[in-house]
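User: I'm new to this structure and would love a close look at one part of it. Could you walk me through the place where the two domains meet, and what is found there?

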Amino acid sequence: MEISYTNQIGVDFNKLVDSTILKRAFIIVDEITRELCLPLLKYPFKESQIIVIPQGDDHKTLESAQLIWSHLLNCKADRNATLIALGGGMICDLTAFCASLYKRGIKVILIPTTLLSMIDACYGGKTGVNYLGYKNIIGSFYNTEKIIIDKLFLKTVTREEFLSGFGEVIKSALIGQPLLWDLIANKDFLEDLVDLDIIMNLTLSIKKEIVQSDPKEEHLRKILNFGHTIGHAIESLFMDLGSPIPHGICVVYGIIAENYISKKTFNYSNVLYKEIKSTIIKNYKLILLSPQDIKSILGLIRNDKKNSMDEIKFILLQKPFKPLIDVAVSDDIIMESLNYLNTFWNQ
Ligand SMILES: NC(=O)c1ccc[n+]([C@@H]2O[C@H](COP(=O)([O-])OP(=O)(O)OC[C@H]3O[C@@H](n4cnc5c(N)ncnc54)[C@H](O)[C@@H]3O)[C@@H](O)[C@H]2O)c1
């Protein structure tokens, strides 16, 4: 996976992706990135096809994949075709998923346009779609030909989506990067951060290091799922209820609950525990889960890809910055952690 950084995508796009590829390329965008990001490429798209998917994670589906595959077939795309994702993690995951299966695999280039996709989702070869209310439950591992990162796209990202990106930054710091944690602890992410470049580089480099040592998530890579077991279930539930919450914000809620379980299980440092709490309270709004929501979340966790039939396994922090994988946790403690999440902001 080659990563190129640019700060003038309009000038560099043509150099980074050569014209023979562009002639056979299909650029996948959502409605928002078509309007806000596509013009920044400054490319006269006479040759490439543009495929537009409705925005939002509830469109990371097999139906959207079918739309892309039908378009490729209608245009008689062959094995030399390339898919180019221009969007956030939703478009990147969906595009790579489609590329991995069309004619047993065609090339894919990712141009991430949100903070979350630049620091996390673009790298690591995980592709997927949501299915029957479960996040990323159908998917594949597939290598990206090229990733092009340009912070210029971030100028139009909403505050909420920017904070969502920071959900993955917090996770990356807590699973083993005290240096990164020091840069973000007790900061207001929208006002105080002057070191965004360093934060972005550090976050992506943690992911690179972990993925390179365990590309298929057989062991170490599982630590990247800290906060995600509960986070994914919250994300699926609220998507299903028709009031979606951005992915990285659900990861923050997942971190609160899983950090509670970590502390309860291993009784680790109070200092870090307090710092996590104050940093999250400074930046994120509370969530309130009804007893029915809590029941549904538990049901969704039971079907998470990471769990075997009878045990719910978590990635927990056994001490500051030291995650432990595959820790079995009882239903009662999970329920307790979700009740704790409800009271987190007023303790
Ligand atoms: N493959 C992986 O390793 C991996 C890792 C983490 C997350 N993910 C996935 O990534 C997805 C979340 O990604 P996301 O947070 O980027 O969400 P997203 O792709 O849904 O984008 C969030 C919103 O921002 C809009 N947007 C995108 N770029 C914009 C821009 N430059 N300006 C203004 N608006 C813009 C989108 O249209 C959308 O409305 C989830 O599906 C998650 O499962 C994948």
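Analyst: Happy to! In this predicted model, 18 residues of domain 1 are in contact with 23 residues of domain 2. On the side of domain 1 that touches domain 2, two elements give two or more residues, namely α6 and β7. Of these, α6 gives the most, with five residues. By character, that side of domain 1 divides into eight nonpolar, six polar and four charged residues.

To place this in the chain, the domain assignment gives domain 1 as 2–156 and domain 2 as 162–346. The centres of domain 1 and domain 2, taken over C-alpha atoms, are separated by 27 Å.

Now for the ligand. Why does it lie between the domains? Domain 1 and domain 2 both give residues to the shell around the ligand, so the ligand lies between them. That shell holds 33 residues, and the closest to the ligand are I32, G88, G89, M90 and T114.

Several elements each supply at least two residues of the shell: α3 (31–36), α5 (89–101), α6 (115–121), β7 (134–141), α7 (159–174) and α11 (247–266). You will recognise α6 and β7 in that list; they are also the elements that give two or more residues to the side of domain 1 that touches domain 2. As for the makeup of the shell around the ligand, it divides into ten nonpolar, 15 polar and eight charged residues.

Methods: Residues are numbered from 1 along each chain as its sequence is written. This is a predicted model: local features need pLDDT of at least 70, side-chain atom pairs count only at pLDDT 80 or more; totals for chains, interfaces and linings use all residues. A residue is near a molecule or strand if its C-beta atom, placed from the backbone, lies within 6 Å of it. Helices (H or I, at least four residues) and strands (E, at least two) are DSSP runs, numbered from the N terminus. Ala, Val, Leu, Ile, Met, Phe, Trp, Tyr, Cys and Pro count as nonpolar, Asp, Glu, Lys and Arg as charged, and the others, Gly among them, as polar. Domain bounds come from an automatic or database domain assignment. Two residues are in contact if their C-beta atoms, placed from the backbone, lie within 7 Å.
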